[in-house]
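Reader: I should be grateful for a close look at one part of this model, followed by an account of what surrounds it. Please state the cut-offs behind each term as it arises.

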Amino acid sequence: MDLFVVNRPEETNRVVDESGNITRLLKKIEKRKQQRIKRNETKNPIKNIIINRKKERIRKKREMQADLQSDTRSLNDPIDGPSNLVEATEQSEEQNVAPKVEGEGFTILGTDKYDKKPKIKRILPKWLSNPTLITVNLQDLQCKVSNMKCLNKTLRKTLKDNGVKHFFPVQAEVIPWLIKSHQQSNLIIPRDICVSAPTGSGKTLAFVLPVIQSLSCFVTKKIRALVILPTQDLAFQVYKTFDKYVRGTHLKVSLITGKSTFAQEQNELIMKNNVFGYYSKVDILVCTAGRLVHHLKETKGFDLSELKFLIIDEADRVLDNIQNDWLYHLEEHIHQHDFRILNLFTLDKPRPPQKLLFSATLSQDPEKIQKLSLFQPKLFTSVVEDFKADKISTDSFIGKYTTPKELTEKYIQCSADLKPLVLYQFIKQENLKRTLVFTHSVKSAHRLAILLQLFFKDQRKVVEVSSRFLTKQRNKLIEEFSRGIVDIIICTDKLARGIDLASVKCVISYTSPKFLKTYIHRAGRTARAGELGLAVTILNHSEVQGFQGLLNAAGKGNLEEVILISEEVLEPLSEQYTEALEGLKKLVKKESQESVNKVKLTKKKVKTNARK
């Protein structure tokens with residue numbers, strides 16, 4: 001067995017120094033750590049500066065804490081552990097010292113869009129934020145015509161002959177102010193005014209009477225008052241008011257709206273004399289914006305240099321009318337000079353006219369108001385709340401739309417397919433007459449009128465008033481409605497602006513108005529001149545929330561709901577409703593066929609004439 005024995009050198013027992021190995025390993029780790037820190041310092045010096053500053057702040061806070069603890073211990077006050085504000089701040093700072101994500105210290109783009117935007121407070125000019133308040137209560141009239149001594153005897157007698165014994169609140173405020181301003185106009189240039197008051201509150205008479213009295217002192221005829229309105233119907237209505245009250249004076253009023261030929265209007269306005277040239281035949285001119293521009297461009301001798309009053313009724317709508325840029329052409333025609341400094345030079349020059357703006361929904365858009373270049377304007381506005389000036393802040397009503405106090409506003413909820421039936425049932429159960437029903441289009445008004453005519457038959461006379469009819473036909477229907485011959489008018493929003501219809505008891509919005517202005521002018525056809533009125537809006541279930549939000553903007557969040565007309569009440573009318581719908585289909589089909597036949601006949605006539 002010796003052959004298998006291998007002789008090896010003797011193994012010595014080695015003593016392993018474990019503590020030395022650990023020490024060497026820690027030194028290597030510390031050395032690598034220092035090297036890594038140096039590399040980071042060279043790569044990102046900004047980050048290192050930020051960390052050092054935070055460390056410095058923490059060190060200073062620790063020193064302050066130590067001083068505070070020594071002071072409190074000297075006063076023998078016990079310290080309840082380290083949980084105080086300084087240590088909490090220190091701990092949060094120490095946590096923030098931890099290495100941050102790459103890119104720290106730089107602004108990250110796009111994060112500002114998630115920040116909450118600060119609410120911008122509306123700042124109004126002084127004349128808008130400090131108006132003269134006018135009550136909307138037309139029941140308690142306190143200003144008698146006989147007591148307003150600033151009006152001359154002729155006008156007071158004319159008012160008495162027309163049955164006017166008391167002035168409405170807006171008239172009682174505006175008329176004396178305008179008359180007084182023109183009595184002092186030799187030394188002081190009259191201020192421009194803006195009047196925002198509900199429909200039917202007497203705004204027209206508020207400017208008609210002062211204008212007539214101020215112009216009655218002039219002997220020679222010049223156009224000294226210009227009244228601009230948005231539509232022909234409104235212009236004719238204002239013209240009739242002027243014509244009624246100029247009787248007994250030498251003043252003459254003229255109307256230019258396009259209803260007469262251009263040559264006829266020129267003959268009414270201007271006359272040419274071989275000696276003196278062109279001279280005016282009228283003192284007060286009532287017109288629409290488009291027709292005015294036409295005469296400014298085409299009529300020779302048409303002169304507005306002596307204009308004393310520029311009156312814009314339904315001002316918000318007239319300003320929205322950019323047809324032919326009427327405001328630019330008017331300002332170019334009127335010679336204006338700077339009258340902010342009064343001296344002999346400015347007093348010798350023609351003065352700019354005093355501007356009077358009237359509307360139920362007067363715009364407070366700065367851009368629109370700035371276009372008019374108002375001179376030291378003054379605002380007369382109606383309040384929505386009870387008239388207590390000491391309790392009302394200007395922010396609560398400035399910009400709000402006002403309606404008469406005598407107006408009751410309600411709404412009805414129903415499904416869209418039952419709207420015609422609900423309208424019929426509501427008119428029947430409330431026994432409504434002298435009612436206006438507004439729709440959003442001519443087509444809708446035509447079909448609804450046919451449907452209600454089939455429903456009511458001989459019980460009530462229902463007519464349609466829209467652009468499908470000529471002006472003479474519309475005026476005839478409106479006159480029959482005023483006399484009580486017509487019970488219900490189905491119309492579009494064209495009839496909602498400024499038209500004064502006598503004794504309208506109820507206004508129904510068959511289609512929900514999209515804009516607050518539309519609703520205000522629809523509802524303004526009733527409750528006029530202190531009479532009671534009702535405004536009802538028929539809504540789909542999905543339209544209620546949007547409609548209430550619309551009215552909340554005008555401070556009308558407490559609108560009442562009419563007693564719900566249940567489907568059980570409408571069930572017995574289902575057969576009658578079906579028959580009416582069938583009759584509507586037949587009539588619409590017949591009308592469409594007649595229109596097609598007219599077109600074909602016209603084409604045949606054209607071809608026949610071409611062959612000849």
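Reader: Which helices each supply at least two residues of the lining of the largest pocket?

Author: Helix 7 (203-215), helix 8 and helix 17 (471-483) each do so. The structure is a predicted model, in which local features need pLDDT of at least 70 and side-chain atom pairs count only at pLDDT 80 or more, while totals for chains, interfaces and linings use all residues. Residues are numbered from 1 along each chain as its sequence is written, and side-chain values use heavy atoms, with hydrogens and water left out.

Helices (H or I, at least four residues) and strands (E, at least two) are DSSP runs numbered from the N terminus. A pocket is an open set of points on a 1 Å grid over the protein atoms alone where a 1.4 Å probe fits, with protein on both sides within 12 Å along at least five of seven lines; lining residues have an atom within 4 Å of a point. Points are joined across faces, edges and corners, and the volume is the space filled by probe spheres set on them.

By these criteria the largest pocket has a volume of about 1400 Å³. Its lining comprises 44 residues, and Gln237, Thr241, Asp500, Leu501 and Arg528 lie nearest the centre. Helix 8 gives the largest share of this lining, nine residues.

Helix 8 spans residues 232-245, 14 residues in all, and reaches 20 Å from its first C-alpha to its last. That is close to the 20 Å expected at 1.5 Å a residue, the expected span being 1.5 Å times one less than the number of residues. Buried residues (under 20% relative accessible area, with exposed over 50% and partly exposed in between, for a 1.4 Å probe and protein chains only) are found along helix 8, among them Gln237, Val238, Thr241 and Phe242.

From the helix we turn to the sheet. Eight strands form an open sheet in the order 1-12-4-11-10-5-9-6, with parallel pairing; two strands pair if DSSP finds at least two bridges between them. Strand 1 (132-134) and strand 6 (253-256) stand at the edges with a single partner strand each, so one side of each has no neighbour in the sheet. On average, neighbouring strands are turned by 15 degrees against each other, direction ignored. Helix 9 (residues 262-269) packs on the sheet, touching strand 6 and strand 9 (284-288), where contact means heavy atoms within 4.5 Å. The direction of helix 9 makes about 160 degrees with that of strand 6; axes are lines fitted to C-alpha atoms, for helices over the stretch in contact, and angles run from 0 to 180 degrees between N-to-C directions.

Strand 9 pairs in the parallel sense with strand 5 (residues 225-229) over five bridges, and Val227 has Val286 as its bridge partner. Strand 6 also runs parallel to strand 9, joined by four bridges, with Ser254 partnered by Leu285. Because five of the five residues of strand 9 are buried, this strand is largely enclosed by the rest of the structure. In a regular strand the side chains alternate between the two faces of the sheet. Here Ile284, Val286 and Thr288 point one way, whereas Leu285 and Cys287 point the other.
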